Amino acid sequence: MSFKLVSTMTPAGDQPAAIEALSQGLVQGKKKQTLLGVTGSGKTFTIANVIQKSNLPTLVISHNKTLAAQLYQEFKELFPDNKVSYFVSYYDYYQPESYLPASDTYIAKEVEINDLIDKLRLEATSNLFSGSDNIVVASVSCIYNIGDPRDFSGKTINFKIGDTWNRRQLLEELVSIFYTRSQMEFARGQFRLRGETLEIWPSYADWILVVEMDTVGKIQSISERNPFSNHQFELQNYLLFPGKQFVGASGPNLQEIIKKIKADAVVESKAFEDRGQLLEAHRLRQRVDYDMEMLAEIGYVNGIENYSIYFETGRQTGDPPYTLIDYFHHLYGDNFLTVIDESHVTIPQIGGMSVGDTARKKTLVDYGFRLKSAYDNRPLRWEEFYARIPQAIYVSATPAEFEIKDSQNQVVEQIIRPTGLLDPPVTIRPSRGQIPDLIEEIKKRIAKKERTLVITLTKKMSEELTAYLSNPQKTGTPLKVAYLHSDIDTLKRTEILDQLRGGDFDVLVGINLLREGLDLPEVSLVAILDADSQGFLRSRSSLIQIMGRASRHVSGEVLLYADTLSPAMKSAISEVNRRRQIQIKYNKEHNITPQSIVKSIRPRLIEDTKADIVVTPLLDIDITSLTPNQRKAHISKLKKEMRSSAANLDFESAIIIRDKIKEIESL
């Protein structure tokens with residue numbers, strides 16, 4: 001299928017030239033290109049046009065989940081008839097397994113998985129097998145191991161009307177691709193049998209698959225049913241994909257794999273003994289014996305990714321892991337496009353992932369907590385990633401030296417904004433008395449129904465400033481303020497940004513998430529505290545990116561609170577002024593009057609169907625009314641609340657919650 005871009009907009013300003021240059025570069029086989037586009041110049045729209053012209057399946061990589069969510073929604077609007085997917089880390093909370101030798105402290109892996117994001121990840125890999133008109137918007141998690149795409153595509157079940165199935169064999173097939181039988185509640189990734197009707201809720205879908213069979217197992221009808229409205233439509237066939245991305249740990253070879261793992265454990269524990277490390281040898285044997293027993297009984301074990309090398313066909317020790325990029329290669333060869341958004345941040349992030357991962361794994365292996373196979377469960381190294389992206393476009397308002405050199409003179413500038421908007425004027429003010437001054441500036445914006453972003457240096461500072469600005473006794477009038485940083489859940493971040501745009505908040509305080517790519521047309525003031533500090537958060541590139549958040553409003557302004565003019569400030573202000581002059585000249589030549597960007601607030605990434613329900617405090621919920629699965633989920637929420645209370649030094653509340661957790665676990 002072809003990509004079909006649907007929009008009332010037409011390319012304007014620098015966009016037509018940029019679209020043509022980038023498209024021709026792809027036709028000519030240029031491996032790497034750079035789009036240097038200022039904030040508000042419509043870089044996403046330009047890339048969308050390039051995708052339509054090239055008709056290449058596309059992987060868009062962003063450096064954070066919030067920006068990835070925004071890009072996902074934008075591409076879904078631009079390509080409503082094509083498959084646009086969202087692939088980010090599905091952890092709401094992630095504590096990696098680690099060991100601290102200095103204090104002899106072992107920290108077990110602890111995670112809280114967001115089931116809705118997991119569903120979107122599975123939807124992405126399933127969509128790739130359903131046609132070439134695919135755009136996948138991903139975070140850097142796309143360079144982590146998710147298993148061999150050949151295993152994923154090889155473990156599907158194809159339902160066709162007229163086919164006959166042995167009922168027991170069919171249920172065993174479902175279990176082998178990680179679907180579980182529903183005991184009480186029915187949820188994604190489960191199936192249930194009611195007489196001759198088999199119902200399956202695919203892990204990646206919002207609709208339930210209904211398969212009607214006769215008494216001998218012949219399929220009479222296939223349909224999809226909405227679980228809430230009961231709307232239903234008929235199908236002739238349905239290809240069911242696995243319930244998990246990593247599906248290697250199943251099948252007839254499982255016992256042979258377990259034997260191989262145990263044999264390797266004997267060799268490695270013997271090496272420990274030969275070095276006199278008896279504790280490490282015992283620890284390793286104990287860990288592997290437990291894991292293999294679990295694997296033999298239920299086909300899965302927490303930490304199975306540390307044994308991934310044993311399950312992946314053709315992969316040897318030291319070989320790169322199978323990632324989302326391998327799905328593109330498996331299906332499209334080298335005929336796909338990679339777009340690296342905000343490349344000046346994303347590329348260093350990709351390059352640094354494997355270093356920290358290897359250091360943590362080395363300690364675990366050296367002290368007998370893991371087999372050496374744990375090293376093979378890793379992200380791609382930079383050179384491995386680079387070799388896997390045949391054609392790429394780097395996109396940034398501030399590309400680094402690497403991208404410019406790597407593009408070999410194919411750097412396409414997009415400086416002109418079709419709206420005529422200018423880069424915001426920059427004012428430097430002293431840090432002494434900065435908070436009272438900031439409050440007065442915020443009040444001016446509130447009077448005009450405009451929004452403000454405040455950028456701090458640390459999480460603690462952002463939280464304390466939010467509390468201060470929210471206190472009417474301090475500010476003289478109530479200000480609606482929220483903060484945004486990495487501790488906020490993935491989906492909640494997008495919701496907070498929408499609430500800012502909608503007027504639920506007047507001010508948003510943040511650190512690093514209020515930089516690249518955020519589309520907030522209602523923001524007219526960006527205030528940067530400690531602007532003269534040295535380091536990454538106040539570098540030339542960071543300052544330009546932060547200033548750009550005010551460039552979508554005709555009254556946009558930037559305030560830098562600083563006592564000195566740092567080299568980064570000087571360079572950033574100079575570049576912003578250069579771009580202002582280019583836009584002013586264009587506006588005069590084309591008789592353009594700048595106008596603020598007006599955009600409707602998009603529907604939420606995932607709608608909260610419980611928004612109108614009265615929420616019962618966690619400690620007041622009747623535990624006896626919950627199913628076993630609901631109790632497990634409730635314990636996870638309580639643990640998160642307990643950690644939050646402890647972090648805020650509210651130890652009394654933390655103890656009460658801890659006791660409640662023990663009470664539930666005893667049930």
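Let me start with a salt bridge on helix H7, where the side chains of Lys-259 and Glu-256 meet at 4.0 Å, N to O. This is a predicted model, so please hear every distance and angle in that light. The two residues are three apart in helix H7, which covers residues 254-274, and are therefore separated by about one helical turn. The general point behind this is that an α-helix has 3.6 residues a turn, so residues three or four places apart point the same way. As for their surroundings, Lys-259 counts as exposed because its relative accessible area is 54%, and Glu-256, at 51% relative accessibility, is exposed as well.

Now set beside that a pair in helix H19, where Arg-579 forms a salt bridge with Glu-575 and the closest N and O atoms are 2.7 Å apart. Here the spacing is four residues, so that this pair, too, is separated by about one helical turn. Are these two residues buried or exposed? Arg-579 is buried, with a relative accessible area of 5%, and Glu-575 is buried at 12%. There is also a network, in which salt bridges that share partners join Arg-429, Asp-437, Glu-441, Lys-444, Arg-445 and Glu-557.

Over the whole structure, the search finds 39 salt bridges, and one that I would like to single out is between Glu-97 and Arg-370, at 3.0 Å, N to O. Which parts of the chain does this pair link? Glu-97 sits in the loop between strand E4 (91-95) and strand E5 (98-100), while Arg-370 sits in the loop between helix H11 (343-366) and helix H12 (382-387), so the partners are 273 residues apart and the pair links distant parts of the chain. Glu-97 counts as buried because its relative accessibility is 6%, and Arg-370 is likewise buried, with a relative accessible area of 6%.

Let me turn to the sheets, beginning with the one that helix H19 packs on. Six strands form an open sheet with parallel pairing, in the order E20-E25-E24-E21-E23-E22. Its edges are strand E20 (426-429) and strand E22 (481-484), each of which pairs on one side only. Neighbouring strands in this sheet are turned against each other by 20 degrees on average, direction ignored.

Within this sheet, strand E21 (residues 451-455) pairs with strand E24 (residues 523-528) in the parallel sense over five bridges. In that pairing Thr-452 stands opposite Leu-525, and Leu-453 has Val-526 as its bridge partner. Strand E24 also runs parallel to E25, to which four bridges join it, and there Val-526 stands opposite Val-558. How many of the six residues of E24 are buried? Six of the six are, and the strand is mostly covered.

As for the helices, helix H15 (residues 459-469) lies across E21, E22 and strand E23 (507-510), running at about 175 degrees to E22. Helix H19 (residues 567-589), the one with the Arg-579 pair, touches E20 and strand E25 (557-561), and its direction makes about 155 degrees with that of E20. Helix H18 (residues 540-547) is largely enclosed by the rest of the structure, because seven of its eight residues are buried, including Leu-543, Ile-544 and Met-547.

A second open sheet has seven strands, also with parallel pairing, in the order E3-E8-E2-E17-E18-E1-E19. Strand E3 (83-87) and strand E19 (411-414) form the edges, and the twist averages 20 degrees from one strand to the next. Strand E2 (residues 58-61) is joined in parallel to strand E17 (residues 337-341) by four bridges, with Ile-61 partnered by Ile-340. Helix H1 (residues 15-27) lies across strand E1 (32-37), E17, strand E18 (391-396) and E19, and runs at about 170 degrees to E1.

The antiparallel pairing I want to show is around strand E13 (residues 208-213), which is largely enclosed because five of its six residues are buried. A hairpin of six connecting residues leads from E12 to E13, and four bridges join the two strands, with Glu-199 opposite Val-210. On the other hairpin, E13 and E14 have five residues between them, and Gly-217 in the turn has a positive phi of about 95 degrees. Six bridges join E13 to strand E14 (residues 219-225), and Val-211 stands opposite Ile-222.

I will finish at the surface, where Tyr-94, Val-111 and Ile-113 make a nonpolar patch of about 240 Å². Val-111 belongs to strand E7 (residues 110-113) and counts as partly exposed because its relative accessibility is 31%.

Conventions: Residues are numbered from 1 along each chain as its sequence is written. This is a predicted model: local features need pLDDT of at least 70, side-chain atom pairs count only at pLDDT 80 or more; totals for chains, interfaces and linings use all residues. Side-chain values use heavy atoms; hydrogens and water are left out. Patches are made of residues with over 30% relative accessible area and no salt bridge: like charges are joined within 9 Å, nonpolar side chains (Val, Leu, Ile, Met, Phe, Trp, Tyr) within 5 Å. Accessible areas come from the Shrake-Rupley method with a 1.4 Å probe; for residues, only the protein chains shown count as cover. Buried means under 20% relative accessible area, exposed over 50%, partly exposed in between (1.4 Å probe, protein chains only). Two strands pair if DSSP finds at least two bridges between them. Axes are lines fitted to C-alpha atoms, for helices over the stretch in contact, and angles run from 0 to 180 degrees between N-to-C directions. Contact means heavy atoms within 4.5 Å.
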